[in-house]
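Subject: Structure handover and notes

Dear colleague,

I am passing on the structure we spoke about, with the sequence alongside. Please look it over before reading my notes.

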Amino acid sequence: MLFVEDLDVKGKTVFVRVDFNVPLTDKGEIRNDTRIRASLPTINYLLGKSAKLVLASHLGRPKGKIDPKMSLKPVAKRLAELIGRDVIMASDIVGEEVNKLKSGLKEGDVLLLENVRFHAGETTNDPEFSKKLAEGIDYFVNDAFGSSHRALASVVGITNYVKKSAAGYLMKKEIEYLRKALFSPAKPYVAILGGAKVEDKIPVIENLLNKADTILIGGAMAYTFFKAQGFGTGKSLVEPDKIEIAQKILALAKEKKVRFILPLDNVLAASIESGQVAQIVDSFPFPQDLMGVDIGPKTVARYAEIIAKAKTIVWNGPLGVFETPAFAQGTLEIAQAVAASGALSIVGGGDSIAAVEKAGVSQKITHISTGGGASLEFLANETLPGIEALEKK
Ligand code: AMP
């Protein structure tokens, strides 16, 4: 795979797929510009080398139609402030007018295309649309790791119609850390998986059973695993159609001698909305009218002990309903433990990132992945469509 530094970009028109999918307020103001800042190393490098830049991103889910509320115009303004140069904002993504803007670019100019999802061809990876994206373009650079788990025209299709394709700085960093966790993890290797849905995490668990020494489970997901062993979990969120696969995973963990640890105690509440802890229990069955909303203190202590000895940690998904203060303690304490471990730590997924931020420890995490879905899929499949597209030539 080529890296952006391998390209001779002086005077060349370079299409950079970035992730400018920033949160906006109702008034269309940028609430958090982290994603724009994350792309600056690649953008500034290319500008420093006198390239002509064409930037593309999605924002929100306009579903193939123009929606002014999801225009990238506010991003153009913010980007211009960050790079200290004008940013030309295109009114479309492809077409005659955009092509005119592309061909009028001078060295060091920056053109931002409109939201790529304003055209349906983006998400269907339509070859015609991909070809149009590539019109007037010499090189393609992918710096949108968070979009690279999908076959998109601006991530995959476009690589068929440009002279060379390469990874940007952000993309390279993401791949390097995740590859380390997959192929050369220092041991002990501990994976922490939480969140609401088992379904999203099954392929990751299956692959990590070949890699990790210990898998610590939390979140609602734990209750499907308890149910799979015949325990009464009260009103806890359980995915009945995932019980069979949960049983298979438990058996597989035993066979592969991977420690697969479920919570030792659980914080119960009448409902998430109640916002109040009803009981903390360390046995089953849970009372019929209560549900598990967090891991309990014994679990935190046990998990923290294991985390403290780890040399590699991968964490995705909160260990409880951490958005509600009364149910956030388990997740926040685990965030502290990961930060204090000194291990190479990789945290992915919007909720886990929010948790390390809430705990005030993001500076102590080795790598915070910008793509939750993409990092999970990478850990499961060991590659992504967007990476394969860069590797194929
Ligand atoms: P996911 O997108 O699958 O990573 O799930 C994240 C969501 O799981 C968060 O919004 C949490 O509030 C939720 N969650 C975590 N633990 C529980 C639980 N015990 N019961 C219900 N929801 C939970």
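The notes below take the pockets, then one helix pair, then some backbone details.

Please keep in mind throughout that this is a predicted model.

The largest pocket encloses about 1,200 Å³ of space, and its lining is made up of 39 residues, with D19, R35, T370, G371 and G372 lying nearest the centre. Both domains take part, since at least three lining residues of the largest pocket are drawn from each of domain 1 (4-170) and domain 2 (177-380). At the level of secondary structure, at least two residues of this lining are supplied by each of helix 1 (34-38), helix 6 (169-183), helix 12 (350-358), strand 15 (367-368) and helix 13 (372-381), and the largest share, four residues, comes from helix 12. By class, the lining of the largest pocket holds 18 polar, twelve nonpolar and nine charged residues.

The second largest pocket has a volume of about 600 Å³ and is lined by 33 residues, of which G195, A196, K197, K201 and D351 lie nearest its centre. Two or more residues of its lining are given by each of helix 7 (198-208), strand 12 (291-295), helix 12 and helix 13, and helix 13 contributes the most, with six residues. Sorted by class, the lining of the second largest pocket has 13 nonpolar, 13 polar and seven charged residues. Helix 12 and helix 13 are thus named for the largest pocket and again for the second largest pocket.

How do helix 10 and helix 11 pack, and at what angle? Helix 10 (residues 297-309) meets helix 11 (residues 329-340) at an angle of about 20°, and their axes are 9 Å apart. Angles under 35 degrees count as roughly parallel, so helix 10 is roughly parallel to helix 11. The crossing of these two helices, helix 10 and helix 11, is right-handed.

Three points in the backbone may also be worth a look. The peptide bond that runs from K187 to P188 is cis, with omega near 0°, and P188 is found in the loop between helix 6 and strand 7 (189-193). The peptide bond from F284 to P285 is likewise cis, with omega near -5°, and P285 lies in the loop that joins strand 11 (279-281) and strand 12. Finally, K63, a residue other than glycine, has a positive phi, near 55°, and K63 is located in the loop between strand 2 (52-56) and helix 3 (73-83).

With best wishes

Note on methods. Residues numbered from 1 in each chain as written. Predicted model: local features only at pLDDT ≥ 70, side-chain atom pairs only at ≥ 80, totals over all residues. Heavy atoms only, no water. 1 Å grid on protein atoms, 1.4 Å probe; cavity = no way out; pocket = protein on both sides within 12 Å on 5 of 7 lines; lining within 4 Å. Points joined across faces, edges and corners; volume = space filled by probe spheres on them. Nonpolar A, V, L, I, M, F, W, Y, C, P; charged D, E, K, R; others polar. Domains from an automatic or database assignment. Axes fitted to C-alpha atoms, helices over the stretch in contact; angles between N-to-C directions. Parallel < 35°, antiparallel > 145°, perpendicular 65-115°, else oblique. Left-handed = near helix turned anticlockwise from the far one by under 90°.
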